[in-house]
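Work through the exercises below with the sequence and the coordinates side by side, trying each task before reading its solution.

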Amino acid sequence: MTLATLSDVLLPALRQGHAVAGLVTAGWEDMRAYVAAAEAEGVPVILQAGPACRAHTPLPVLGRMFRTLAEGAAVPVVAHLDHGYTAHECREALEAGFTSVMYDGSRRPLRQNIDETAAIAEMAHAAGMSCEGEIGFVGYAGGETSAGTDPEEAAIFARETGVDAVAISAGNVHLQQQQQGGLDEARIRAIEAATQVPLVIHGGSGVPAAQRTALARGSNICKFNIGTELRMAFGQALRDAVNRDPERFDRIAILKDTHEPLVTATRQVLRALKGA
């Protein structure tokens with residue numbers, strides 16, 4: 001069994017100069033492909049259950065799915081709750097076998113975010129698990145706008161919450177379908193100078209691949225969340241599978257045809273985050 005906590009994979013990444021992919025899952029097909037890709041590349045992987053995934057599949061089921069994959073994997077696998085919004089949700093994830101929770105208090109005032117995140121971190125650590133928090137707000141393509149992370153607030157947040165990783169806002173945006181713009185590296189360097197914990201970039205699909213690689217190897221960013229990019233790859237593979245034989249109706253046979261294309265796309269993502 002290679003089930004791991006977030007700290008198990010991010011602390012070595014911080015020391016060794018690489019990053020780990022937090023891959024946003026939607027169901028068994030992509031989870032399985034992500035682990036297969038990680039094994040092929042010989043790197044750890046963080047399987048993430050976000051709000052949309054949890055609305056589709058109950059947390060206890062997701063926890064069992066993640067742990068089942070980890071039990072047979074040749075690389076470390078983290079079972080991670082992404083964007084948990086309540087203490088109840090985070091507690092339920094830990095009880096369901098998740099090894100890491102991300103509490104998102106980024107919309108709240110600083111003091112409230114610190115206090116609530118600290119309580120979640122304490123709960124996770126008491127269970128022997130990890131906690132990620134967010135300071136600053138990462139917006140959404142076509143939706144809420146971002147509020148960049150203030151380095152001084154990041155230092156206070158990291159120190160007073162005791163989290164194992166801090167998600168920051170530095171030009172990254174959720175749900176971007178194209179790589180464009182890039183991250184604000186001056187802001188990232190200022191945050192690095194004020195903190196010592198592993199940093200996390202949400203909305204990694206919108207970050208140019210070359211910048212992902214450079215920051216993975218030369219900064220304290222140890223985790224890039226990737227969702228949209230791989231959902232698009234899955235969607236294309238699924239359309240191709242259906243269109244190859246419009247008479248075919250067995251969904252298991254159709255979904256099997258998405259596996260190799262998604263493994264290939266995922267390996268490309270993982271390869272870019274490896275160390276030099």
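The exercises that follow concern helix faces, helix packing and single residues in a predicted model.

**Exercise 1. The faces of α7**

Task: Determine which residues of α7 are buried and how they are arranged around the helix axis.

Solution. Begin with the list of buried residues, which for α7 consists of Pro 151, Ala 154, Ala 155, Phe 157, Ala 158 and Thr 161. Next, look down the axis of α7: these residues fall within an arc of 165°, so they line one face of the helix. On the other side of α7, the exposed residues are Glu 152 and Arg 159. Then ask what lies over the buried residues of α7; the cover includes α6, β6 (130–135), β7 and α8. Finally, inspect the two ends of the helix. The N-terminal end of α7 is capped by Asp 150, one of whose side-chain oxygens lies 2.9 Å from the backbone nitrogen of Glu 152, and just after α7 comes Gly 162, with a positive phi of about 70°.

**Exercise 2. The faces of α8**

Task: Carry out the analysis for helix α8 (residues 185–194), finding its buried residues and the elements that cover them.

Solution. The buried residues of α8 are Ile 188, Ile 191 and Glu 192. Viewed down the axis of α8, they lie within an arc of 105°, so they line one face of the helix. The face turned away from this buried side carries Ala 186 and Ala 193, both exposed. As for the cover over the buried residues of α8, it includes the helices α7 (151–161) and α9 (209–218), together with the strands β7 (165–168), β8 (199–201) and β9 (221–226). At the start of α8, a side-chain oxygen of Asp 184 comes to within 3.2 Å of the backbone nitrogen of Ala 186.

**Exercise 3. Two helix pairs**

Task: Describe how α5 packs against α6 and how α6 packs against α7, and classify the orientation in each pair.

Solution. The quantities to look for are given by the usual description, in which two packed helices are characterised by the angle between their axes and the distance between the axes. For helix α5 (residues 87–95) and helix α6 (residues 110–126), the angle is about 15° and the axes are 11 Å apart. Since angles under 35 degrees count as roughly parallel, α5 is classed as roughly parallel to α6. The residues that make this contact are Ala 87, Cys 90, Arg 91 and Leu 94 from α5, and Ile 120, Met 123 and Ala 124 from α6. The handedness of the crossing of α5 and α6 is right-handed.

Turning to the second pair, the axes of α6 and α7 come within 9 Å and cross at roughly 30°. This angle makes α6 roughly parallel to α7. The crossing in which α6 passes α7 is right-handed. On the α6 side, the residues that meet α7 are Leu 110, Arg 111, Asn 113, Ile 114, Thr 117, Ala 118 and Ala 121, and their partners in α7 are Glu 153, Ile 156, Phe 157, Glu 160 and Thr 161. Phe 157 and Thr 161 also belong to the buried residues of α7.

**Exercise 4. Contacts distant in sequence**

Task: For Arg 64, Leu 3 and Thr 266, establish the exposure and the contacts beyond four places in sequence.

Solution. Arg 64 is located in helix α4 (residues 59–71), and its relative accessible area of 44% makes it partly exposed. Its contacts beyond four places are Glu 71 and Ala 96; Ala 96 is 32 residues away in sequence, with a C-alpha to C-alpha distance of 7.3 Å.

Leu 3, in strand β1 (residues 3–4), is partly exposed at 21% relative accessibility, where the buried class would require a value under 20%. Leu 3 is in contact with Arg 67, Ala 70, Val 77, Ala 79 and Thr 99, and the C-alpha atoms of Leu 3 and Thr 99 are separated by 7.9 Å although the two are 96 residues apart along the chain.

Thr 266 lies in helix α12 (residues 259–272) and is buried, with a relative accessible area of 0%. Thr 266 touches Leu 23, Tyr 34, Ala 37 and Leu 230.

**Exercise 5. A backbone angle**

Task: What phi does His 83 have, and is this residue buried or exposed?

Solution. Recall that most residues other than glycine have a negative phi. His 83, which is not a glycine, nevertheless has a positive phi of about 55°. The residue is found in strand β4 (residues 77–84), and at 5% relative accessibility His 83 counts as buried.

Note on methods:
Residues are numbered from 1 along each chain as its sequence is written. This is a predicted model: local features need pLDDT of at least 70, side-chain atom pairs count only at pLDDT 80 or more; totals for chains, interfaces and linings use all residues. Side-chain values use heavy atoms; hydrogens and water are left out. Buried means under 20% relative accessible area, exposed over 50%, partly exposed in between (1.4 Å probe, protein chains only). Helices (H or I, at least four residues) and strands (E, at least two) are DSSP runs, numbered from the N terminus. The arc is that of the directions from the helix axis to the C-beta atoms. Contact means heavy atoms within 4.5 Å. A polar contact is a pair of N or O atoms within 3.5 Å; within protein, one must be able to donate a hydrogen and the other to accept it, and residues adjacent in sequence count only if both atoms are side-chain atoms. Axes are lines fitted to C-alpha atoms, for helices over the stretch in contact, and angles run from 0 to 180 degrees between N-to-C directions. Angles under 35 degrees count as roughly parallel, over 145 as roughly antiparallel, 65 to 115 as roughly perpendicular and the rest as oblique. A crossing is left-handed if the near helix is turned anticlockwise from the far one by less than a right angle, and right-handed if clockwise.
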